[in-house]
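Colleague: I'm new to this one and would like a close look at a single part. Could you pick one residue and walk me through its surroundings?

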Amino acid sequence: MVCKFFVILQIITQQMSTLEDIQQSISTELQMLNQRIAESLSSSNKLMNQVVDGYLKSKGKLIRPILVILSAKLFGQVNDRVIASAAAVEMLHNASLIHDDVVDETKMRRSRPTINSLWDNHIAVLVGDFFVSSALQQAISTGDIRIVNALATLGKLLSIGEIDQIYNARFHKLDEKAYFEIISRKTASLFVSCIKIGAYSVDVDDKRLQSMCTFAELLGLCFQIKDDIFDYFGDEKIGKPTGNDLRENKITLPLLYALSRTDHPQCADMIQLSRKEELSTEEIHTLIEYAKECGGIEYAYDTMDRFRAQAMEILDTFPSSDVTRALASIFDYIIIREK
């Protein structure tokens, strides 16, 4: 299984465009997006402007607004509503990151100090709220209630997904069904919303959109699975220590699979260990090694490979174009990225 998957990875790597290539192909739209975000977040308060300006210097890869733009290009032509919608999605996403950093007491993100570490939690929460309000303003500016509703629904799903994860961690609910329900809400919902909002902004709402929502769901699931795999291999590039999820009692797909291996002589002991309220560093290492030994990492990659195949079948129902090739490349990038 491992050899098969990594042969596929080599083929993907040879064929795909880089994320930078995709960004370059829509550079005009991204320039308009960045300008729209900067204008939306400008205020009369010097402190707010200082904090926001510092934050915007550490922009991420813009995958989510890129999906909004590509969705709009798939179904029509980019217009001002597309840019406003993409800005709304990116600001809401960043608001969730700012608030997450407060909750998790995160000190670094994207190799830069977080707002809560530079300033304090009070300011970070207020800045996050400012981002949320600015996102809503951009959504409202489109004049399309579907876009406003999609953004509001997204905010609810992100919150519920996080609460679900906390609940399952505290009460040790260990099964794949619960895992996929959580990552569908906390991660995939954002990708689905990007595709919906991009289509709405060019007045498309039909069966073609429904199939692309399935594509986006698969993309979002793979994004989170790959994020979870990082937790089994600590790396400074990722900025995430090994076993961070297990420290928070979060059991992700590789270990879930390993704990289902009842044929393994250590399985019962590992299930009992995984249910402990607090794990030592040594115990975390034991669970990680057990997940690797039982093929948990390979199982996670195999799952992503299966999801990718389903997603490519969906793209094949659309005429081949630069947009469909870019969407396929983003999917491949999500799987092979290193951070």
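Modeller: Here is a look at one arginine, followed by the chain around it.

This is a predicted model, so to speak of local features we need pLDDT of at least 70, and side-chain atom pairs count only at pLDDT 80 or more, while totals for chains, interfaces and linings use all residues. Residues are numbered from 1 along each chain as its sequence is written, and side-chain values use heavy atoms, with hydrogens and water left out.

Find Arg 36 in helix H3, which covers residues 27-40; helices here are DSSP runs of H or I with at least four residues, strands are E runs of at least two, and both are numbered from the N terminus. Arg 36 has a relative accessible area of 17%, and buried means under 20% (over 50% is exposed, in between is partly exposed; 1.4 Å probe, protein chains only), so Arg 36 counts as buried. Its side chain makes a polar contact with the side chain of Asp 80, at 2.3 Å. That term is for N or O atoms within 3.5 Å; within protein, one must be able to donate a hydrogen and the other to accept it, and residues adjacent in sequence count only if both atoms are side-chain atoms. Setting aside neighbours within four places in sequence, Arg 36 also touches Ile 83, Ala 84, Ala 87 and Gln 138, where contact means heavy atoms within 4.5 Å.

Now step back: the chain has 17 helices and two strands, and 51% of its 339 residues are buried. Its C-alpha trace spans about 60 × 50 × 30 Å along the principal axes.
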